[in-house]
Amino acid sequence: MRCLRCRGMMVEERVFTMEGGIAMARCVCCGDLIDPVVIRNRSVPCSAEARGGRHYRLGIA
Ligand SMILES: [Zn+2]
C-alpha cells in the first residue's frame, strides 16, 4: 500500500475515534492517516478523498 500524498510506505494502525477503534493506514513518511473508506476508494477515479472527503490529518511528527 502506498501513501496517496507522497507514495511513501503505509502501515496499519488502530485508531480510536468517537466511532470506536478502527484500523487505519498511516504513512511512515508524512504521517498521513487514511481510513478504510478512503482505502476502498483508491481504485475509483475522482474519489471522495480527492474532494476532501473522509481524510484525517493528525498532528504527529
Ligand atoms: Zn505520505
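**Strand arrangement, core and flanking segments of the predicted model**

Arginine 7 lies in the segment that precedes β1. The model is a predicted one, and the backbone of arginine 7 has a phi near 60°, a positive value in a residue that is not glycine. Arginine 7 is classed as exposed because 11 other C-beta atoms lie within 10 Å, where exposure requires 12 or fewer.

The protein chain contains one helix and three strands. Read from the N terminus, these elements follow the order β-β-β-α. Of the 61 residues in the protein chain, 13% count as buried. When contacts between residues at least 6 apart in sequence are considered, 23% of them join residues at least 24 apart. The mean pLDDT of the protein chain is 77, and 61% of the residues score at least 70. Confidence is highest in β2, with a mean of 88, and lowest in helix α1 (residues 36–40), with a mean of 67.

The three strands form an open sheet in the order β1-β2-β3, and their pairing is antiparallel. The edges of this sheet are β1 (10–17) and β3 (33–34), each of which pairs on one side only. In general, the strands of a sheet pair through backbone hydrogen bonds, in either a parallel or an antiparallel manner.

Between β1 and β2, which run antiparallel, there are eight bridges. The connection from β1 to β2 is a hairpin of two residues. Across this pair, valine 15 stands opposite isoleucine 22 of β2, and glutamate 13 stands opposite methionine 24 of β2. The C-alpha atoms of glutamate 13 and methionine 24 are 5.2 Å apart, with a sequence separation of 11 residues.

Between β2 and β3, also antiparallel, there are two bridges. One residue pair across these strands is arginine 26 with its bridge partner leucine 33 in β3. The hairpin formed by β2 and β3 has five residues between the strands, and glycine 31, in the turn, has a positive phi of about 80°.

The largest nonpolar core consists of six residues, namely Leu4, Met10, Met24, Ala25, Cys27 and Ile34. Strand β2 (residues 20–27) supplies the largest share of this core, three residues. In soluble globular proteins, nonpolar side chains tend to be buried together.

Two methionines of the core were examined in terms of their contacts. Methionine 24 lies in strand β2. Methionine 24 counts as buried because it has 21 C-beta neighbours inside 10 Å, and the cut-off for burial is 20 or more. With residues up to four places away in sequence left out, methionine 24 touches Glu13, Val15, Leu33, Ile34 and Asp35. Among these contacts, Ile34 is itself a member of the largest nonpolar core. Methionine 10 belongs to that core as well. Apart from neighbours within four places in sequence, methionine 10 is in contact with Met1, Arg2, Cys3, Ala25, Arg26 and Cys27. Ala25 and Cys27, included in that list, are also core residues.

On the C-terminal side of the helix, arginine 57 lies in the segment that follows α1. Arginine 57 is counted as exposed because it has 11 C-beta neighbours inside 10 Å. When neighbours within four places in sequence are set aside, arginine 57 is in contact with Asp32 and Leu33. Leu33 is the residue that serves as bridge partner to arginine 26. The C-alpha atoms of arginine 57 and glycine 31 are separated by 7.9 Å, although the two residues are 26 apart along the chain. Glycine 31 is the turn residue with positive phi in the hairpin of β2 and β3.

Terms used:
Residues numbered from 1 in each chain as written. Core = buried A, V, L, I, M, F, W, Y, C linked by C-beta atoms within 7 Å. Helix = DSSP H or I, 4+ residues; strand = E, 2+ residues; numbered from the N terminus. Contact = placed C-beta atoms within 7 Å. Pairing = 2+ DSSP bridges. pLDDT = per-residue confidence, 0-100.
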